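Here is a short tour of a protein chain, written for someone who likes to check each statement against the coordinates. Have the structure open and follow along.

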Amino acid sequence: MATPEESPAAKRWLPLEANPDVMNQFLWNLGIPETVTECCDVYGLDDELLAIVPQPVLAVLFLYPITSQTEEERLHQDNEKRVSAMRSKVYFMKQTVGNACGTIGLLHSVGNITSEIKLQEGSFLDRFFKSTATMDPLERAAFLEKDVEMEVAHSVAASAGETEASDNVDTHFICFTCVDGELYELDGRKSGPVSHGPSSPSSLLQDAAKVIKGMIQKNPESLNFNVIALTKVAATV
């Protein structure tokens, strides 16, 4: 999906498929041990289906269609509900590369749980988050835009999906995460993190599901939604 900051000559990537297998290989290749985290499908937002998602859930990714209603809501949140990333502990970055929302959603997911997981020392993700730790959201976006290693990794992952890759898409990935007892929506097309109220690591999935249900209800004619949870793999004895 094109971004508000994207110029006509801006860089565009192929979109990342909403496929847990593709995302897992992407993250594992960039520095997260497969024994630490795993992406999995969330098959529905009812309590019974949420209960079968492996716990703990570290982040939630949501793919939704871009419509006039979602664009109106984005502008409203920017005007009324924006939270300054500079005054919080939330890791947030802007999106300036077209169709990079899947990768940015994963970076938002991992960037806010680095204290919960151990990245491989010297791996891409380890170096990326150390290099961008003190940057502002636009500086992080510029850093990503110039990063050839990430562009190649994204291209490989985008080509690994089950559907034919095309840069003409009308869907968008965002991330939900819990930071300091608060649920945040992280969308690189918005000006900053959006707070959705109190949350906790144990209720993150349920709290995000409530927000996602509201977004779906505003677009009742669309079926193009997908929810993926990033979970922490249970340690084996």
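## Helix 8 and its surroundings

Helix 8 turns its buried residues towards helix 2, strand 2, strand 3, strand 4, strand 5 (194–198) and strand 6 (226–232), and packs against them. Those buried residues are Leu204, Leu205, Asp207, Ala208, Ala209, Val211, Ile212 and Met215. The helix covers residues 204–217, and its 14 residues should span 20 Å at 1.5 Å a residue; the end C-alpha atoms are 20 Å apart, which agrees.

Please keep in mind throughout that this is a predicted model.

## The overall layout

Stepping back, the protein contains eight helices and six strands. Their order along the sequence is α-β-α-β-α-α-α-α-α-β-β-β-α-β. Of the 237 residues, 55% are buried. How far apart in sequence are the residues that touch? Taking contacts between residues at least 6 apart in sequence, 76% join residues at least 24 apart.

## Helix 4 against helix 5

Helix 4 is mostly covered, with eleven of its eleven residues buried. The list runs through Cys101, Gly102, Thr103, Ile104, Gly105, Leu106, Leu107, His108, Ser109, Val110 and Gly111.

At what angle does helix 4 pack with helix 5? Helix 4 (residues 101–111) and helix 5 (residues 124–132) pack at about 80°, and their axes are 11 Å apart. Angles of 65 to 115 degrees count as roughly perpendicular, so helix 4 is roughly perpendicular to helix 5. On the helix 4 side, the contact is made by Leu107, Val110 and Gly111, while helix 5 brings Leu125, Phe128 and Phe129. By type, the residues of this contact are five nonpolar, one polar and no charged.

## Helix 7, with two faces

Helix 7 (residues 148–159) has twelve residues, and the distance from its first C-alpha to its last is 16 Å, close to the 16 Å expected at 1.5 Å a residue. Which of its residues are buried? They are Met150, Ala153, His154, Ala157 and Ala158. Viewed down the helix axis, these buried residues fall within an arc of 130°, so they line one face of helix 7. On the other side of helix 7, Val148, Val156 and Ser159 are exposed.

The buried residues of helix 7 pack against helix 1 (20–30), helix 4, helix 5 and helix 6 (137–145). Two of the buried residues can be followed further.

His154 sits in helix 7 and is buried, with a relative accessible area of 1%. Setting aside neighbours within four places in sequence, His154 is in contact with Trp13, Leu14, Pro15, Leu16, Phe26, Asn99, Ala100 and Thr103.

Ala157 also belongs to helix 7. Its relative accessibility is 7%, and because buried means under 20%, Ala157 counts as buried. With neighbours within four places in sequence left aside, Ala157 is in contact with Leu16, Val22 and Phe26. Another link across the sequence is the pair Ala157 and Asn29: they are 128 residues apart in sequence, yet their C-alpha atoms are 9.9 Å apart in space.

## Backbone details worth a look

Some backbone angles invite a check of the torsions. Gln55 and Pro56 are joined by a cis peptide bond, and Pro56 lies in the loop between helix 2 (47–50) and strand 2 (57–65). Asn99 and Asp180 have a positive phi although neither is a glycine. The table collects these angles and their places.

| Site | Angle | Place |
|---|---|---|
| Gln55 and Pro56 | omega about -5° | Pro56: loop between helix 2 and strand 2 |
| Asn99 | phi about 65° | loop between helix 3 (68–80) and helix 4 |
| Asp180 | phi about 50° | loop between strand 3 (171–179) and strand 4 (182–186) |

Are Asn99 and Asp180 buried or exposed? Asn99 counts as buried, at 0% relative accessibility. Asp180 counts as exposed, at 61% relative accessibility. Asn99 also brings the tour back to helix 7, since this loop residue is among the contacts of His154.

Conventions:
Residues are numbered from 1 along each chain as its sequence is written. This is a predicted model: local features need pLDDT of at least 70, side-chain atom pairs count only at pLDDT 80 or more; totals for chains, interfaces and linings use all residues. Side-chain values use heavy atoms; hydrogens and water are left out. Axes are lines fitted to C-alpha atoms, for helices over the stretch in contact, and angles run from 0 to 180 degrees between N-to-C directions. Helices (H or I, at least four residues) and strands (E, at least two) are DSSP runs, numbered from the N terminus. Angles under 35 degrees count as roughly parallel, over 145 as roughly antiparallel, 65 to 115 as roughly perpendicular and the rest as oblique. Contact means heavy atoms within 4.5 Å. Ala, Val, Leu, Ile, Met, Phe, Trp, Tyr, Cys and Pro count as nonpolar, Asp, Glu, Lys and Arg as charged, and the others, Gly among them, as polar. The expected span of a helix is 1.5 Å times one less than its number of residues. Buried means under 20% relative accessible area, exposed over 50%, partly exposed in between (1.4 Å probe, protein chains only). The arc is that of the directions from the helix axis to the C-beta atoms.
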